[in-house]
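This briefing concerns the protein structure shown below. Please read it with the sequence and the coordinates at hand.

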Amino acid sequence: MTELISSQGRFSRLLPPLFTHWRGDLIGGLTAAIVALPLALAFAIASGVDPKAGLYTAIVAGTLAAIFGGSPVQITGPTGAMAVILIGIVAKYGIEKVWLAGLMAGLIQVALGVAKLGRLVKFIPYPVTAGFTNGIAVIIFFGQLNNFFGLQLPRSDHFLPGLWQTVTQIEATQWAAVGLALVVIVTKLFWGRLSTPIPGSLVGLVLATAIAAGFHLNVPTIGAIPQALPLPHGIPHWHDFGLIRELINPALALAALGSIESLLSAVVADGMTVSEKHNSDRELIGQGIANVVVPFFGGIPATGAIARTAVNVRAGGKTRLSGVIHGLALAAIMLTLAPLAAQIPLAALAGILMVTSLRMIEWEAIGLLLRATYADFAVMMLTWMVTICFDLVLAVEVGLIAAGVLFIKRMSDLSMGKVPEAEAFPPGVPLELTKQIAVYRVDGPLFFGAAERFATFLRDEPEVKYLILRLRFVPNMDTTGLVALEDIYHDLERRGCRLILSGLQPEVEHLLERSGLLAHIGANNCFDTTDTAIRSLTSHVSPPESTRKQLTTLET
């Protein structure tokens, strides 16, 4: 037995790193594929394209992103966030032009990764990501009412007109479709209480399909799915530069959303595993390659999927092999079960998406932001409402602007004030000198949001011969703050007042030196501490005759 274990250990060391966790990767990949199957079909329907496009995307993009991406456990495929953008693009341009927009989006993602801009996603504030995620959830939920009620209404290029159309046609409801959707919803909600690796969405899908087929219910279904692997084909209009210019905005939207969602998913995966952490730049390149290739196979733009990635990790997936197995397993399912998948009711997919959307809403984030600050909650609500009423890209832009304004407001709350005489002057310095020396403290970053208040505050200082600025708690300063300080210096100079700085931090001192302002102020007017600055002035200040003896004693 000992020899057998030893030989197995030697064998595992001889395996390439990709196969050292093959058992966990196999289980993780297969489990992710089972979860991805109904979601790939559902998100394709939600995007306004044929269900087969969702499968093609999950197979091709999922495999390529796993090989070339920067996260070892990321599962890539169609997602709800991408569906929200795609449905408008499909309605306006058609599927062939979506392929071209997806190709352009992939090239943009590759360029972002090569330029090493992957880490920029970390600068998106939490209220903004929570806002557009919750907005996506609302759009997906109400966007499925058409299929939930069995209405075969034409798709709208925007969420709200489509919702109004559904509400006005509610009298044409097919109650059989509603019943099938409720079967899936109830199954998905309660199946999770059982300790089984089989996802409730798949169980509900099979159950609803069996009921529809067994009772010969006349409800809309997915329709025929090719029982063959996708084959590469050309992309029409790729040489039409006028069309390329027209599609640049949709392509930028797809690239931006795909990059944000994929990198956020990779960050979530990092928090769930102790294995190799993701490389954000490589992840963008991998997602870009997947989105460049998948249009040639009839697929739609894809992103990293948080739910499927989490399932992969929890099931034991540790390396890229799990993502490859996920793609191969979906291909095998497509080859063998395509005729059965054609009978899946659209209402069943609607039920899956409605439960998924409810779970997408970040209830904890809403509670956290309510308990934290109302300003952050307002940013989240603003992003949420713009997502619902307009589109995701505008929502992210507005959310970032609102968060930026809030940041400026908070940073502009510069703490400034005159230091009390008893605190400002070291022991032994005559208090009569305060008539000629004023000490002010400045706490916080001195940048454009606070520069005007800073300059106005100090201009109100009565006539003194020496003004000391205590800058120990000013960590940095921007150009606007620098200009404000320069204005103050020239203002004081015209009034015959000498400006003295104490406690300069390295970054601030470096900025003053590079700008030349430090040379104007003079190195002899910069001190490490306020005490040192005041003591240096005692020999220059002319105190009343009654205090000269005290100064002489102090210097001795």
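The points that follow cover confidence, one buried histidine, a surface patch and a strand pair. The model is predicted, with an average pLDDT of 84 for the protein. A score of at least 70 is reached by 87% of the residues.

**Low-confidence stretches**
- Residues 1–15 have a pLDDT below 50, and beyond near neighbours in sequence this stretch makes two contacts in the model.
- Residues 544–556 likewise stay under 50 in pLDDT; for them the model has 14 contacts beyond four places in sequence.

**His 326**
- His 326 belongs to helix 14, which spans residues 320–341.
- With a relative accessible area of 1%, His 326 falls under the 20% cut-off and therefore counts as buried.
- Leaving aside residues up to four places away in sequence, His 326 touches Gly 29, Ala 32, Ala 33, Ala 36, Ala 58, Gly 62, Ile 75 and Thr 76.

**Nonpolar patch and Leu 30**
- Trp 22, Leu 26, Ile 27 and Leu 30 make a nonpolar surface patch of about 350 Å².
- Leu 30 is located in helix 2 (residues 22–46).
- The relative accessibility of Leu 30 is 40%, so this residue is classed as partly exposed.

**Strands 4 and 5**
- Strand 4 covers residues 437–443 and is largely enclosed by the rest of the structure, because five of its seven residues are buried.
- Strand 4 runs parallel to strand 5 (residues 466–473), and six bridges join the two.
- Arg 441 stands opposite Arg 470 of strand 5.

Methods: Residues numbered from 1 in each chain as written. Predicted model: local features only at pLDDT ≥ 70, side-chain atom pairs only at ≥ 80, totals over all residues. Heavy atoms only, no water. pLDDT = per-residue confidence, 0-100. Contact = heavy atoms within 4.5 Å. Helix = DSSP H or I, 4+ residues; strand = E, 2+ residues; numbered from the N terminus. Buried < 20%, exposed > 50% of the residue type's maximum accessible area, 1.4 Å probe, protein only. Patch = residues over 30% accessible without salt bridge, like charges linked within 9 Å, V, L, I, M, F, W, Y side chains within 5 Å. Areas by Shrake-Rupley, 256 points an atom, 1.4 Å probe, with all protein chains shown as cover. Salt bridge = Lys/Arg side-chain N within 4 Å of Asp/Glu carboxyl O. Pairing = 2+ DSSP bridges.
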